[in-house]
Amino acid sequence: GKLTALATMIQEPRLNLCNLDNLCIEYFTRGLLLEDTKRVISVHIADPGIDEVGIKILSELFCKGIIVLLVGCELIAARGFLTILEIIESIKAIIPQCIVLKWCKVEINDKNGPLLQHLIKQNNLRYLDLQGNEGVGDIGAQFIGRGLKKSCSLTHINLEECNITPTGARRISNGLKKNTSVKSLKLSCNCFGDKGAACIGEVLENNNTIKELELNNCRLFSKGAEMISKGLEHNKSVKVLDLSYNDIGDEGAAYIGEALKCNTSLEKINLSSCCLSSEGARHVSIGLKHNKSVKYLNLSINRLEDKGADFIGEAIKHNQTLEELKVTVCFMTYKGMMSLTELLVCRKVSSIRRLIFFTDYERIVS
């Protein structure tokens, strides 16, 4: 009874590791349904004990358009995932649904995959987040890619840490080439390497709806950076690009720099921990001199040193859009940091408003 009452009092309930049994889930669900559901946006549940029965009870929330986010619910697995898909199909909701199942040991197979593909095609999904489920793999990528070939209502895809190889990256890319709905694509922490990056680069040449692309820690090297950069030279939609924690090196930075010369959409770039030296900073800086869109640049955890700081500083003098620069752990001395800090003081010389040297310290001029 108390749980039912609590559910009627809060606008966006969040349950974390509550060891709920199915009776508690039923009380909580009932409480939400007693309240005006227009005030309830989403329910966050992080409980490893949620099983298939609990999922069926929560299905009543799907019917009311409430987003149910499940994190670490390890009993869901393949069977529970199929149950969720069947529920979404059965309610035939007018508003496309969100599926958020992080680290739930979801496995996509020949039993639940075709239904997932069907739901994507039929405009039943708008948000798909399966981060941390290694059971998605290339088979899951295949069904998702097939669903994406027809423009649909799906706008956000998060498949980070999903055990996707170059084969899976190719399957998703094939679906995205003609897709006009997906705006955010997160594929970080998958080991598809340069071959996968080549497929994504081809997508960027033809797709002009993706606005956010995250590929950090995907085992990309200079060739992968080249393929992504070639795509960016033609792309007019991507605003956020994350290539951090990939060993693209100075050669890869050269390709990024070339892309920056002609790209007009990029606003945020993360190249932290990309094995860059001062030479890499020089390549990126050359691109920045010509770029008129980038507002945020992260070059942290690269051995740029004072020489790299000089290259960046010179580029900033010619660039009138860059507002925030992050260069933590870049092996600069006081001299290098001061050369950049001086740009903050002189507003007529640069557009920089925020400069970050340390993770626990910020030099800000507003």
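Among contacts in the protein chain between residues at least 6 apart in sequence, what percentage join residues at least 24 apart? In this predicted model, the share is 85%. The protein chain has 366 residues, of which 54% are buried, and its secondary structure consists of 13 helices and 14 strands.

**Surface of the chain**

- The protein chain has an accessible surface of about 16300 Å².
- Carbon and sulfur atoms account for 51% of that accessible surface.

**Helix α9**

- Helix α9 covers residues 222-234, a run of 13 residues.
- The end C-alpha atoms of α9 are 19 Å apart, which agrees with the 18 Å that the helix should span at 1.5 Å a residue.
- The buried residues of α9 include Ser-222, Gly-224, Ala-225 and Glu-226 in the earlier part of the list, followed by Met-227, Ile-228, Ser-229, Gly-231 and Leu-232.
- These buried residues pack against two helices, α8 (193-206) and α10 (249-262), and against the strand β9 (240-242).

**Rings and charged groups**

- Zero aromatic pairs occur in the structure.
- Two rings nevertheless have a charged side-chain end over them: Tyr-296 has that of Lys-268, and Phe-331 has that of Arg-303.
- For Lys-268, the distance from the charged end to the centre of the Tyr-296 ring is 5.2 Å.
- For Arg-303, the distance from the charged end to the centre of the Phe-331 ring is 3.8 Å.

**Ser-153 in the loop between α6 and β6**

- Ser-153 is located in the loop that runs between α6 (137-148) and β6 (156-158).
- Its relative accessibility is 19%, so Ser-153 counts as buried, the cut-off being under 20%.
- A polar atom of the Ser-153 side chain lies 2.7 Å from the backbone oxygen of Leu-125.

**Loop residues with positive phi**

- Trp-103 is a residue other than glycine with a positive phi, near 50 degrees.
- The loop that holds Trp-103 lies between β4 (97-102) and α5 (113-121).
- Trp-103 counts as partly exposed because its relative accessibility is 37%.
- Tyr-245, likewise not a glycine, has a positive phi of about 60 degrees.
- Tyr-245 belongs to the loop between β9 and α10, two elements against which the buried residues of α9 pack.
- With a relative accessibility of 44%, Tyr-245 also counts as partly exposed.

Methods. Residues numbered from 1 in each chain as written. Predicted model: local features only at pLDDT ≥ 70, side-chain atom pairs only at ≥ 80, totals over all residues. Heavy atoms only, no water. Helix = DSSP H or I, 4+ residues; strand = E, 2+ residues; numbered from the N terminus. Buried < 20%, exposed > 50% of the residue type's maximum accessible area, 1.4 Å probe, protein only. Contact = heavy atoms within 4.5 Å. Areas by Shrake-Rupley, 256 points an atom, 1.4 Å probe, with all protein chains shown as cover. Expected span 1.5 Å × (residues − 1). Phe/Tyr/Trp six-rings, centres within 6.5 Å; stacked < 30°, edge-to-face > 60°. Lys NZ or Arg CZ within 6 Å of the ring centre and 35° of its normal. Polar contact = N/O pair within 3.5 Å; in protein donor to acceptor, adjacent residues only side chain to side chain.
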